[in-house]
Amino acid sequence: IKKIILSTQIISTLIGNGEISSNNGIGTNVGFFMPFGIAISSNNSICFISEEQNSLIRKINLLNLEVSTIAGLKPGNKDGIGTLSSFQNPRSITLSPDETFLLIVDTGNNAIRKLILSTSMVLTLIEIKNEKIRIWKNVTAISISFMCLFTAYFSVTNLQVHFYIFF
């Protein structure tokens, strides 16, 4: 993970050592394997990363550069708490407007997953199997028309929360 200071054009390594691994730790003692999606808290103190090849969701404390795995352990398709859950190539990730949960586009499983930050519980919200959409956990007003899930984000307008999915 690189830090770029735009005014000086200085690029430095903030987190990671360039080695392929799923090692947690601090600063350059950490390894990643294809970090893909990123979501940052409104106060810029916490960063969430989806790792496509490790099939993990990682949390980075930007104040002390500590990296920890908050969900996923090995590739799969399982709801559960923390590392008892599994993903298959998670890509895009977005933080809810109230910063209580993440939405993760789990590309390998053709699903959108919810990670509740207070409990680390991972739940499947939407899943596409055999060209049929299964909507879980009382999700409404979401339209999906393609099989390749790619990116998602929230928008808040007129006090209404909108959820967008791009294919």
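Two strands count as paired if DSSP finds at least two bridges between them. Keep that cut-off at hand for these exercises on a predicted model.

**Exercise 1.** Find which residue stands opposite Gly25, and work out how strand 3 fits into its sheet.

*Solution.* Start with the residue itself: Gly25 faces Val67 in strand 7. Next, look at the two strands: strand 3 and strand 7 (residues 66-71) run antiparallel and share 2 bridges, and the pairing rule asks for at least two. Now widen the view: 5 strands make up an open sheet with antiparallel pairing, ordered 3-7-6-5-4. Strand 3 (25-26) and strand 4 (35-40) are at the edges with a single partner strand each, so one side of each has no neighbour in the sheet.

**Exercise 2.** Trace the network of salt bridges that joins Asp79, Asp106 and Arg113.

*Solution.* Take one pair at a time. Asp79 forms a salt bridge with Arg113, with the closest N and O atoms 3.1 Å apart. This pair links distant parts of the chain, 34 residues apart: Asp79 lies in the loop between strand 7 and strand 8 (80-81), and Arg113 in strand 11 (residues 111-116). Then comes Asp106, whose side chain meets that of Arg113 at 2.6 Å, N to O. Shared partners therefore join Asp79, Asp106 and Arg113 into one network.

**Exercise 3.** Decide for each member of that network: buried or partly exposed?

*Solution.* Buried means under 20% relative accessible area. Arg113 is at 0%, so this residue is buried. Asp106 is also at 0% and therefore buried. Asp79 has 29% relative accessibility, so it counts as partly exposed.

How values were computed
Residues are numbered from 1 along each chain as its sequence is written. This is a predicted model: local features need pLDDT of at least 70, side-chain atom pairs count only at pLDDT 80 or more; totals for chains, interfaces and linings use all residues. Side-chain values use heavy atoms; hydrogens and water are left out. Helices (H or I, at least four residues) and strands (E, at least two) are DSSP runs, numbered from the N terminus. A salt bridge is a side-chain nitrogen of Lys or Arg within 4 Å of a carboxyl oxygen of Asp or Glu. Buried means under 20% relative accessible area, exposed over 50%, partly exposed in between (1.4 Å probe, protein chains only).
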